[in-house]
Amino acid sequence: MNTGGGPAPIRDPAGDGPQEPASLHAEASDEARVFQAVGDQYIVEVRDLRVTFVMDQGHIHRVGRPTADEDCPYPGLEPFGLEQADWYFGREKLIADLTIRLDGSIADRTPLVVVAPSGAGKSSLLRAGLLPAIERGDLPAAGSRHWQRLVFTPTHSPMRALTAHFAVLTDPRGGAAEPPDWRSVDRDVRRSTLRRALNQNAAGTDSRVVVIVDQLEEIFTQCEDEAERRAFIEELAWLADPRDGHDPVGLVVLGLRADFYAPCAGYPWLRTTVQRNQVFLGPMSRSELRDAIVLPAHKVGLAVETGLVEVLLRDLGASGTEPGGRDGTTENPEDYEAGRLPLLAHALRATWMQRDDGQLTIRGYQATQGIEHAVADTAERAFTQLRPAEEATKSVFLRLVTVTEGSEHSRRRVLRADLMRSAADPQTARTVLDAFTGARLLTQDRNTVTITHEVLLRAWPRLKGWINNDRIGNVVRQELRDAAFSWDRAGRDNDLLYPGSRLETAAASVTDSGDVDQVTRAFLTASARRAKRAARTRRGITAVLVTLLLLASTAAVFAFQQRGKALAERDTAVFGQITAEANRLRSTDSSLAAQLDLVAYRMRPNPDLYTHLITSATTPLSTPVSSGIGAVVSVAITPDGRTMATGGNSNAVRLWNITDPTHPVALGQPLPVHADITESVAFSPDGHTLAAGGNDAAIRLWNVSDPAQPVALGQPLTGHTSTVGSVAFSPDGRVLASGSADKTIRLWNVANPARPVLLGHPLTGHTDTVASVAFRSDGRALASGSFDHSVRLWNVADPVHAAALGRPLYGHGDSLVATVAFSPDGHTLASGGADNRVRLWNVTDPAHTVMLGQLLGHTGSADADKSSGLLRRHVGTRAGFRRAGLVGGPQDARSALAR
């Protein structure tokens, strides 16, 4: 410390040497700070030593070291709460920024969103930082310090949680013991009651309730009821901005884990909120970390041994130096992972438990195994005491984890009663809960249990092993739980029950783990009951058919003896019944259809039945897939056959891993679109880009190089004025063609998919919806089919100056043309339409196109991409057409397909 009249360096504070007189000016250097100066009296704090000196009339006096009490100022893995606000240090600048942002939210009625990686301290910031700031009156709004404040997590039932907290505000007795079901309370009644209660509590002023929703991601990881999730988001939107001419009732703050941006995109209000007013919580600076370590200890009278702070910062990874600090150096505040903060908090709590005579020491910290291992060491000690109950411990923790594809695993809040009911030994499970709760690794409230912090999922190797070893089982059980709740919400519709093979897999996963609730158990029971009924039905049909066969045989013998014509008619009738039943079941029960084909073939062998039998023998049975996005309208598969895209009628596109076609797996969350119906999807030739067009007249592009983590590319392509019914990439992937109900075709340069460019003018000529577009293999010609009954060819060698080739091709009469496809060599074009026929065209010279023939046999409109597959399998090159004999009319086509 220096004094204004000249240098007066402080010698050893404990020494006895004389000190020079001092005037009324003082400065602190190094780690010392001047906190107060009254008269000739100075109080100087040496932070790490926490020793206070008083300079009185030029003499330095040491006033002693505070003594430690039993309050631990470090919560460990648990976040700081409102009652621990006095121990919360290091985020003062950020808290000031939040209050400024929150003041702006009052004016523009936009919620404040605090986004942070797991473990960055978001919950502590909201509970111990922002809430006390509001209570102190840091918000400039009149009366804001008296506003009611709610802070809660959504849990598995967010509307129920919100209703329960509102009941505390509106019920003078402190809220009902059991809040009512939110579906049973009229929304207007609930809101008017809340507004009246707030105004009464604020003595007639225009009051609000500050609603802080911490861990908003729980609406995606724990809430399985989509209707309740949307109702909760709608309620938050109303609280922030009712849009009914009245002032808002609430001031909303949302805490969101950073890896849950994508699910928010599916909810327009939530997406807009995140975009407009968010604060991203990053790592603390070195000086902030120092305050977070030292000042809580000082607050309860503890000293911190010199050097301990540097050891902690080194082990945390914060190796930078102070920005413009006392040594003039510059700090790098991002040289440690933000998610490691709970490890530091836990290590500090463990060090406090090893304190020595009112002081946190380096030796005590080293006894905790350090930041890197403190959490794992605590968990292992608790586990070692329970080692005879290893299976019970494993079962409990796996119930408390949600395995999430495409993002980090999440903790899961579970009802304690459900946990006890699913345990093989409830008493042992209760012992496990109590042991880990005592170690502060689990948190139990009135009726739920959760892992205290998600950092445990990363820091405890044993738990990571349990999760990875049972990853498939966890995914199966989660999908089973989702299917069961969907079935329950749909009134237990039998069509939503699991079929045989999937039921066996799900039942096996439940048997292995015992992890099943009442709804899931009822779902499995109903699925099993339905499977048994289906098996009995199949056996009955088989018995009937065998009986019919026997009757037919007997009748045949008798008829043979009587008259040959009656025998032939009887056999034909039975054969027709069996084949008709086989054809009816072919799309819904492939296995039974194959059995009927075999019976029919033994009665009357023919090439069609032989083809069915060969197909059944060499082709795996179809695998029904629950799309999760409503009815499937469009499908595309990458050239390598590993990924499938499906477009539905519920504003979404979904990606699937079909490496094993018998077990397709949904990849990540559905990709949000604004079209009610996604009419067409297509992959680029390299499989890295996905295009989708729908009835919102727009086209969207995604980078699907990693299908598990697709990324939206740029803004939607706009220009069409009506539904985009077909999209197709050129063979080199540089041009995208789109056909629309606005009767035009547009070409786009997608060489850089993130910056697509419209090429030239729209291609016009069709007089009705353009239903299909397809590029020739050389990319120089484009074919289009339209509801105006025509097929047109276009020269797209120069896409900017594309033009029609020849005249329109009319061959489908008055029937609309729904699909077109080129052969691999580009010499032949197939077109399918509503006349149930596929027509083939020689387009070697597009300006002089000749119809080659037509394929008959379809019993419905040939409006799917099956014509393309048919063309590749049965025709191939133009030489293949000649070999197949497709040079004339229907008879030639039919005989060729028979061969």
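Buried means under 20% relative accessible area, exposed means over 50%, and partly exposed lies in between (1.4 Å probe, protein chains only). The structure is a predicted model, in which local features need pLDDT of at least 70 and side-chain atom pairs count only at pLDDT 80 or more, while totals for chains, interfaces and linings use all residues. Residues are numbered from 1 along each chain as its sequence is written, and side-chain values use heavy atoms, with hydrogens and water left out.

**Exercise 1. Overall description**

Task: State how many helices and strands the chain has, and what share of its residues is buried.

Solution. Helices (H or I, at least four residues) and strands (E, at least two) are taken as DSSP runs numbered from the N terminus. On this basis the chain has 27 helices and 38 strands. Of its 899 residues, 48% are buried. The accessible surface (Shrake-Rupley method, 1.4 Å probe; for residues, only the protein chains shown count as cover) is about 42400 Å², and carbon and sulfur atoms contribute 51% of that area. A contact requires heavy atoms within 4.5 Å. Among contacts between residues at least 6 apart in sequence, 58% join residues at least 24 apart.

**Exercise 2. Cysteines**

Task: Determine how many disulfides the whole structure contains, and classify C223 as buried or exposed.

Solution. A disulfide is a pair of cysteine sulfur atoms within 2.5 Å. The search of the whole structure returns 0 disulfides. C223 has 2% relative accessibility and is therefore buried. C72, at a relative accessible area of 12%, is buried as well.

**Exercise 3. Salt bridges**

Task: Find the partner of R127 in a salt bridge and give the distance between the closest N and O atoms.

Solution. The criterion is a side-chain nitrogen of Lys or Arg within 4 Å of a carboxyl oxygen of Asp or Glu. The whole structure contains 14 salt bridges. R127 pairs with D214, with the closest N and O atoms 3.3 Å apart. This pair links distant parts of the chain: R127 belongs to helix α2 (residues 122-136), whereas D214 sits in the loop between β9 (209-213) and α5 (218-221), 87 residues apart. D214 has 0% relative accessibility, so D214 is buried.

A further pair is R776 with D778, whose closest N and O atoms are 2.9 Å apart. R776 is buried at 14%, and D778 is partly exposed at 41%. Returning to R127, salt bridges that share partners join K122, R127 and D214 into one network.

**Exercise 4. A salt bridge within one helix**

Task: Explain why residues three or four places apart in an α-helix point the same way, and say where E226 and R229 lie.

Solution. An α-helix has 3.6 residues a turn, so residues three or four places apart point the same way. E226 and R229 are both in helix α6 (residues 226-240), 3 residues apart, about one turn of the helix. Their side chains form a salt bridge, at 2.1 Å from N to O. With a relative accessible area of 27%, E226 is partly exposed, whereas R229, at 10%, is buried.

**Exercise 5. Helix α11**

Task: Compare the expected span of helix α11 with the distance between its end C-alpha atoms.

Solution. The expected span is 1.5 Å times one less than the number of residues. For the 13 residues of α11 (residues 341-353) this gives 18 Å, and the end C-alpha atoms are 19 Å apart, which agrees. In this helix 12 of the 13 residues are buried, so α11 is largely enclosed by the rest of the structure. The buried residues include H346, R349 and W352.

**Exercise 6. Around helix α5**

Task: Which residues does E218 touch, not counting residues up to four places away in sequence?

Solution. E218 lies in helix α5 and is buried, with a relative accessible area of 4%. With those sequence neighbours left out, E218 touches T153, P154, T155, C223 and R413. In the loop between β9 and α5 is Q215, which has a positive phi of about 55° although it is not a glycine. Q215 is buried at 8%.

**Exercise 7. A nonpolar surface patch**

Task: Classify I637 by its relative accessibility.

Solution. I637 is located in strand β19 (residues 632-637). At 48% relative accessibility, I637 is partly exposed. A patch consists of residues with over 30% relative accessible area and no salt bridge, with like charges joined within 9 Å and nonpolar side chains (Val, Leu, Ile, Met, Phe, Trp, Tyr) within 5 Å. V632, V635 and I637 make up such a nonpolar patch, together offering about 250 Å² of accessible area.
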